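Colleague: Before planning bench work, I should like to go through this structure with you. Please take my questions in turn.

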Amino acid sequence: MPASPSTARAINDRVALRLLQQEGPLTAGQLKQLTGLSRPTVADLVERLTAAGLIEVVGESGEQRRGPNARLYGIVADRAHLAALDVRTEGVSVVVSDLLGRELARASVPIADDTGTGPAVEQAVTLVERAAKEAGAERLHTVGVGAPGLIDPATGELRDSSGLPEWHRRLVAALQERLPARVIVENETNLAALAEQRDGAARDRDTFVLLWLGHGTGAAVVLDGRLRRGASGGTGEIGFLPVPGTSTLPSATDCEGGFHSLAGSAAIAELAAGHGLVATAVSPGEPEAAALVRQAVATLSSPSASPSPSPSAFSGADRFLSALADRLAIGAASVVAVLDPGCVVLGGEVGQVGGEVLAARVGERLARMSPLPVEVRASALGGGAVLRGALLTARESAQDDLFAPRSR
């Protein structure tokens, strides 16, 4: 059956809004060309969307053109303000943006291990409120939160996980109580994968696995363009993967003895120390492992730098990166054997600073270990992928709400 006039109008409005989101400001003529709609239909939808406060005139298409046909229409960016949070065990970072995703404010706060649950939650919520005020946002429409741990697929809530601070779970409830906003929680590694697919190393892939390498380890699985969470939300809990090379086996409450014991930041730092490497973090909160991998890659990549690295330093860096690649390949090979993703992205801070040097070494080892073809890529976004993914999630949710067909 053909769509009713009201349904057709709603569909046309949504198509036009998506085009303005993707392409930026457009004239009525450009909307006509891109949508294939008639001129009167485009004029009608422009009038409706302007009256609804969703689009506005933002300029003209060229100096030589004047009048109604030259008007550029764009989405009203301040129709809604969004926030994205990256919640780590050691602190919280927040970004506030407009509806188009333009960053308006950014802030972070460290939270010490011995901080009580109540004070930790208060610090984090206050950080969000201050960032929103700095951005000039009277209220937030949607807040995207990226956190470690399991997200219950039925409720969308962060589940109680051993080893993670209690304030993580309390924070979500506090945000919902204090802010008149929709709060969406997602696993940090899943958000990183969404960001790498949209803006990073996996832009040309609809099937891939992101191996998160930061303070801890994790994995995100994207198959046929869809993020896969599993029956209990635990897809990608690779830290619990039993692997050779550890002294024990992981348990249901502790990933010690699993892949985390080979590739977590503390394990990488211990491996580096065994090869005589030392390094200093370049930013607060950076995993020690990232600083060490950065130093090793720089040593190998700059043999002619002044002062040039000593032969022993060069050899130590080379052996360290080779040993690290051996470890990473063990975890990656298990994922490849089960999922055949064709592409593995080394994500997080460690994956980003390891760059092509580390990715190439892991790729070489996978080629020897598995008959399945797989390309190994370095993260383009690093630790910043979590915030980026949280903001993309908040933005899409807000746009789905604001761009939804309204009864007329």
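The exchange below treats sheets, helix packing and salt bridges in turn.

Colleague: What kind of structure is this, and how are its residues numbered?

Modeller: This is a predicted model, in which local features need pLDDT of at least 70 and side-chain atom pairs count only at pLDDT 80 or more, while totals for chains, interfaces and linings use all residues. Side-chain values use heavy atoms, with hydrogens and water left out, and residues are numbered from 1 along each chain as its sequence is written.

Colleague: In the sheet with the order 5-4-3-6-7, which strands stand at the edges?

Modeller: Strands (E, at least two residues) and helices (H or I, at least four) are DSSP runs numbered from the N terminus, and two strands pair if DSSP finds at least two bridges between them. Five strands form this open sheet, and their pairing is mixed. An edge strand has a single partner, so one side of it is left without a neighbour in the sheet; here these are strand 5 and strand 7 (182–187).

Colleague: How many bridges join strand 3 to strand 4, and which residue is the bridge partner of Ala-83?

Modeller: Strand 3 and strand 4 run antiparallel and are joined by eight bridges. Within strand 4, Ala-83 has as its bridge partner Val-96.

Colleague: Which residue takes a positive phi in the hairpin of strand 4 and strand 5?

Modeller: Strand 4 (residues 91–98) pairs with strand 5 (residues 103–110) in the antiparallel sense, over seven bridges. One of the pairs is Gly-91 with Pro-110. Four residues lie between the strands of this hairpin, and the positive phi, near 90°, belongs to Gly-101.

Colleague: At what angle to strand 3 does helix 12 run?

Modeller: Axes are lines fitted to C-alpha atoms, for helices over the stretch in contact, and angles run from 0 to 180 degrees between N-to-C directions. Helix 12 (residues 385–402) lies across strand 3, strand 4, strand 5, strand 6 (142–147) and strand 7. Its angle to strand 3 is about 145°.

Colleague: Which strands are at the edges of the sheet with the order 10-9-8-11-12?

Modeller: This open sheet has five strands with mixed pairing. Each edge strand has a single partner strand, so one of its sides lacks a neighbour in the sheet; these are strand 10 (226–228) and strand 12 (375–378).

Colleague: Which helix packs on that sheet?

Modeller: Strand 8 (residues 208–213) and strand 9 (residues 217–223) of the sheet run antiparallel and are joined by six bridges. Contact means heavy atoms within 4.5 Å. The helix that touches strand 8, strand 9 and strand 10, making about 125° with the direction of strand 8, is helix 6 (residues 188–199).

Colleague: Is helix 1 roughly parallel or roughly perpendicular to helix 3?

Modeller: The axes of helix 1 (residues 5–23) and helix 3 (residues 39–51) come within 10 Å and cross at roughly 80°. Angles under 35 degrees count as roughly parallel, over 145 as roughly antiparallel, 65 to 115 as roughly perpendicular and the rest as oblique. The crossing angle therefore makes helix 1, relative to helix 3, roughly perpendicular.

Colleague: Which residues of helix 3 make the contact with helix 1?

Modeller: Helix 1 contributes Arg-9, Asn-12, Asp-13, Ala-16 and Leu-17. The residues from helix 3 are Thr-41, Asp-44, Leu-45, Arg-48 and Leu-49.

Colleague: With which residue of helix 6 does Arg-88 form a salt bridge?

Modeller: A salt bridge is a side-chain nitrogen of Lys or Arg within 4 Å of a carboxyl oxygen of Asp or Glu. Arg-88 forms one with Asp-86, with the closest N and O atoms 2.9 Å apart. Arg-88 lies in strand 3 (residues 81–88), so its other pairing, with a residue of helix 6, ties together parts that are 100 residues apart in sequence. In that pair the closest N and O atoms are 3.8 Å apart, and the partner is Glu-188.

Colleague: Is Arg-88 buried or exposed?

Modeller: Buried means under 20% relative accessible area, exposed over 50%, and partly exposed in between (1.4 Å probe, protein chains only). Arg-88 has 11% relative accessibility and therefore counts as buried.

Colleague: Which residues are linked in the network of salt bridges that includes Arg-88?

Modeller: A search of the whole structure finds 21 salt bridges. The network links Asp-86, Arg-88, Glu-188 and Glu-349.
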